[in-house]
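Reader: Could you walk me through what holds the inside of this protein together? Keep it casual.

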Amino acid sequence: SPERSNRPNDGLPPFRTLRDAIGNGFVDTDPTCMNFSDRKLKYLAMVPPGGNWRALPVETQKESMGKAWYLKGGRSAYWRKLSFEFPSPTVVTMPNHAGTSMCHPTELRALTVGECAAIQGFPPTWVFAGRTSEKYRQIGNAVPVRLAEVAGAAVVNLLRHIKHVGRSVGSLIASE
């Protein structure tokens, strides 16, 4: 059953926002960053927090996106600038690419390794090894810690249920 909801009628606490993960006194334990190129920063500077390529004038959209502008569907991560007021989108392995942008809401830069790790729920003491690109890949490919906890608990409950049902079936067979 759900633990959080943004619908008031559900009576559940709201989803965690980006501010909950990396705002309000957040201490970045790994501030390494693969930042955007100067060209990408030029376009991201025009996007408000919570916005993406759609916030740009149409001619700038076409200029900045090239052939991708004509594609249908998706593309919501193009020139994406995050917002502290909403949950984070899925953490990606390359937050500094045009089509997978994870730009900080108030600073004109990509999210750092430490910020991405915090969003995924890793403890601040967790250390990632390798080059910066390898650290981003480890974090982006990881299952968020809380999701892993919930999935693990579901598997344990299922195994307990199967064991219980198995004992019940076994006792029925033995009594025949």
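**A look inside**

Author: Let's start with glutamate 115, which is buried in this predicted model; its relative accessible area is 4%.

Reader: Which side chain does the side chain of glutamate 115 make a polar contact with?

Author: Glutamate 115 sits in helix 4. Skipping neighbours within four places in sequence, glutamate 115 is in contact with Ile22, Phe26, Asp28, His104, Arg109 and Ala110. The side-chain polar contact, at 2.9 Å, is with arginine 109.

Reader: Which helix gives the most to the largest nonpolar core?

Author: That core has 18 residues, and Ile22, Leu111, Ile119 and Ile139 have the most contacts inside it. Helix 1 (18–22), helix 4 (113–120) and helix 5 (132–141) each supply at least two residues. With five residues, the top contributor is helix 4.

Reader: And how many residues are in the other core?

Author: This one lies apart from the largest core, and Phe36, Tyr78, Cys103 and Ala110 are among its members. Its residue count is 14.

Reader: What arc do the buried residues of helix 5 cover around the axis?

Author: The buried residues there are Lys135, Tyr136, Ile139 and Gly140. They're on the same side of helix 5 because the arc they cover is only 125°.

Reader: Which helix is included in what covers those buried residues of helix 5?

Author: In an α-helix there are 3.6 residues a turn, so residues three or four places apart point the same way. For helix 5, what covers the buried residues includes helix 4.

Conventions
Residues numbered from 1 in each chain as written. Predicted model: local features only at pLDDT ≥ 70, side-chain atom pairs only at ≥ 80, totals over all residues. Heavy atoms only, no water. Core = buried A, V, L, I, M, F, W, Y, C linked by side-chain atoms within 4.5 Å. Buried < 20%, exposed > 50% of the residue type's maximum accessible area, 1.4 Å probe, protein only. Helix = DSSP H or I, 4+ residues; strand = E, 2+ residues; numbered from the N terminus. Polar contact = N/O pair within 3.5 Å; in protein donor to acceptor, adjacent residues only side chain to side chain. Contact = heavy atoms within 4.5 Å. Arc of directions from axis to C-beta.
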